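Me: Please take a close look at one part of this structure, the open space that comes second in volume among its pockets, and then set it beside the enclosed spaces and the nonpolar surface patch.

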Amino acid sequence: MAEIRPIDRSAAPASFVLGRKLDSIPFSGYHVLIIAILALVGFIEGYDLVLTGSLLVLAKGPLNLTGPDIRWLAVGPTFMLCIGGFASSAISDHWSRKAVMLVGVIATTFCTLLIPLVQSAEQLIIVRLLTGFGAGIAVSAAFPIAAELMPAQHRRTYGAVYEMALAISFTVVPFIAFLLTDNAEAFRFLALPGGLAITVVPVLVYFLIPESPRWHLRRGHTRAAADLVNQMIRRSGNRVPQLTVEALGGSERTDPGQLPPLWALFARGQLRWTAVGILSGVCAGTAYFLISVLLPKALVDQGAAVSLSFGLTSLVYFASIPGKAFTGFLMEIIGRRWTIFYALAGSLPGLFLMLTAHRAGDLATVVMVTGALITGFTVLSAFTACRVYLSEQFPTALRGRGQPFGESTGRLFAGVLAPFLMEPHTGSATIFFGTILAVVAIGAFIPVLFGKETVGQLETVSEPVPALA
């Protein structure tokens with residue numbers, strides 16, 4: 001049973017009525033449409049972000065990238081991703097979920113569209129820094145939206161599809177880079193698909209993704225919240241009774257009260273859950289960022305051909321596509337935290353094979369490929385559970401800020417500090433793969449030993465339960 005964690009004792013019973021109504025709406029084609037659009041956002045954001053690993057190789061010659069340039073490109077965009085996430089955390093819950101996503105998506109795709117125009121290393125670095133900032137606003141916005149629109153039992157469906165879309169983008173980028181390896185302007189062509197998405201994706205989000213009824217209710221907009229729920233009921237086939245304003249207290253507008261401050265993420269009764277959610281992401285994220293940003297460079301530095309480095313990186317992410325689907329299925333069978341344990345602990349044999357592949361002689365490539373497939377299917381698939389788990393750590397009044405704050409804090413360690421420290425050591429298989437193995441081994445036990453299961457209605461998980469008749 002999910003543990004009840006009181007945060008705000010003034011929470012209105014209307015939030016439980018609305019939450020139960022949303023969870024009672026049968027899964028329909030309308031939910032599929034929402035998942036598809038948010039997954040498209042994930043694909044584009046993933047495409048724009050994972051360009052970094054390929055740019056380190058493809059742009060090195062044409063733009064005469066130096067050692068410091070490569071280091072800036074390796075960690076700078078992720079650092080700005082964290083800054084953008086903290087900026088998102090400051091405005092979220094004040095702005096609507098959809099508005100935050102639109103700002104981030106437009107900024108990210110526009111900056112990616114500028115990559116074909118750059119003429120120097122400095123220009124490329126600036127564009128990638130701005131891309132990272134925009135992506136920091138966008139990437140965390142999808143999970144509060146989905147958590148508040150999806151019925152509880154189908155959040156795992158969304159999490160799996162979204163993460164599979166990310167995995168597809170991570171697979172596509174190094175594959176396209178592999179096809180363009182012999183083209184002197186390859187990095188410019190590689191950026192075009194992600195940049196041109198600015199003409200399509202923001203339009204779909206604006207017109208087809210609804211605002212969050214939970215967010216409107218928390219803002220005191222009772223009528224708007226009821227109307228949004230009823231819109232979802234109609235578009236899902238009118239299979240449950242509509243929600244009335246009277247059921248939410250009878251007033252079309254109520255005093256929302258003051259939003260809790262950001263430091264409430266660390267208040268008594270919340271600090272433990274915030275910390276567990278972040279640390280779970282840090283450990284899984286370290287494996288992801290070291291592989292996505294530095295694996296092509298590490299393999300080349302360790303003696304592999306450029307084409308093999310891109311091919312193996314693409315293979316790792318290809319394996320994560322079915323891995324994320326399996327992780328999503330597993331979440332409702334064994335729960336979020338045990339799924340995270342499986343994904344991290346299950347990767348240890350694969351990481352060990354990648355660590356020792358250079359000692360396998362003629363079988364080195366076979367051992368490396370086998371390790372990559374295991375690693376992709378497990379730890380690179382962990383975010384299906386990690387992000388849903390993080391979303392469920394916070395009450396509605398903090399979710400829009402808690403999600404980007406948690407993800408950004410995790411990225412600061414996993415995506416900035418770890419690649420910065422590891423970039424000089426990519427030539428050593430023992431240090432590079434051994435570090436990933438050690439961090440993942442520790443992370444597997446954090447949610448199991450210190451966390452609690454969070455499956456259930458969002459309000460039951462993270463908000464005080466009112467006395468109901």
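**The second largest pocket and its surroundings**

Reply: Sorted by class, the residues that line the second largest pocket are ten nonpolar and five polar, with no charged residues among them. This is a predicted model, and in it the second largest pocket has a volume of about 270 Å³. The lining is made by 15 residues, and those closest to the centre of the pocket are Leu299, Gln302, Ala304, Ala364 and Met368. Two elements, H13 and helix H16 (364–377), each give two or more residues to this lining, and H16 gives the most, with four residues.

From the pocket we can turn to the spaces that are closed off. The count comes to four cavities of 30 Å³ or more, and the largest cavity holds about 510 Å³ of space. Its lining is made by 38 residues, of which Tyr288, Phe289, Phe383, Arg387 and Arg411 lie nearest the centre. Several helices give two or more residues to the lining of the largest cavity, including helix H2 (29–58), helix H3 (67–91), helix H7 (155–179), helix H12 (271–301) and helix H13 (306–334). Among these contributors, H12 gives the most, with nine residues. Whereas the lining of the second largest pocket has no charged residues, the lining of the largest cavity has seven charged residues, together with 20 nonpolar and eleven polar ones.

The second largest cavity has a volume of about 70 Å³, and the residues that line this cavity include Ser88, Asp93, Trp95, Arg97, Pro144 and Pro404. Helix H4 (97–113) and H18 each supply at least two residues of this lining, which by class holds five nonpolar, five polar and two charged residues.

On the outside of the model, a nonpolar surface patch of about 480 Å² is made by Leu33, Val203, Tyr206, Phe207 and Leu208. Helix H9 (residues 201–208) gives the most to this patch, with four residues. Leu208 is found in helix H9, and this residue is partly exposed, with a relative accessible area of 30%.

To return to the part you asked about, the second largest pocket is lined by ten nonpolar and five polar residues, and H16 is the element that gives the most to that lining.

Methods: Residues are numbered from 1 along each chain as its sequence is written. This is a predicted model: local features need pLDDT of at least 70, side-chain atom pairs count only at pLDDT 80 or more; totals for chains, interfaces and linings use all residues. Side-chain values use heavy atoms; hydrogens and water are left out. On a 1 Å grid over the protein atoms alone, a cavity is a set of points where a 1.4 Å probe fits but cannot get out, and a pocket is an open set with protein on both sides within 12 Å along at least five of seven lines; lining residues have an atom within 4 Å of a point. Grid points are joined across faces, edges and corners, and a volume is the space filled by probe spheres set on the points. Ala, Val, Leu, Ile, Met, Phe, Trp, Tyr, Cys and Pro count as nonpolar, Asp, Glu, Lys and Arg as charged, and the others, Gly among them, as polar. Patches are made of residues with over 30% relative accessible area and no salt bridge: like charges are joined within 9 Å, nonpolar side chains (Val, Leu, Ile, Met, Phe, Trp, Tyr) within 5 Å. Accessible areas come from the Shrake-Rupley method with a 1.4 Å probe; for residues, only the protein chains shown count as cover. A salt bridge is a side-chain nitrogen of Lys or Arg within 4 Å of a carboxyl oxygen of Asp or Glu. Buried means under 20% relative accessible area, exposed over 50%, partly exposed in between (1.4 Å probe, protein chains only).
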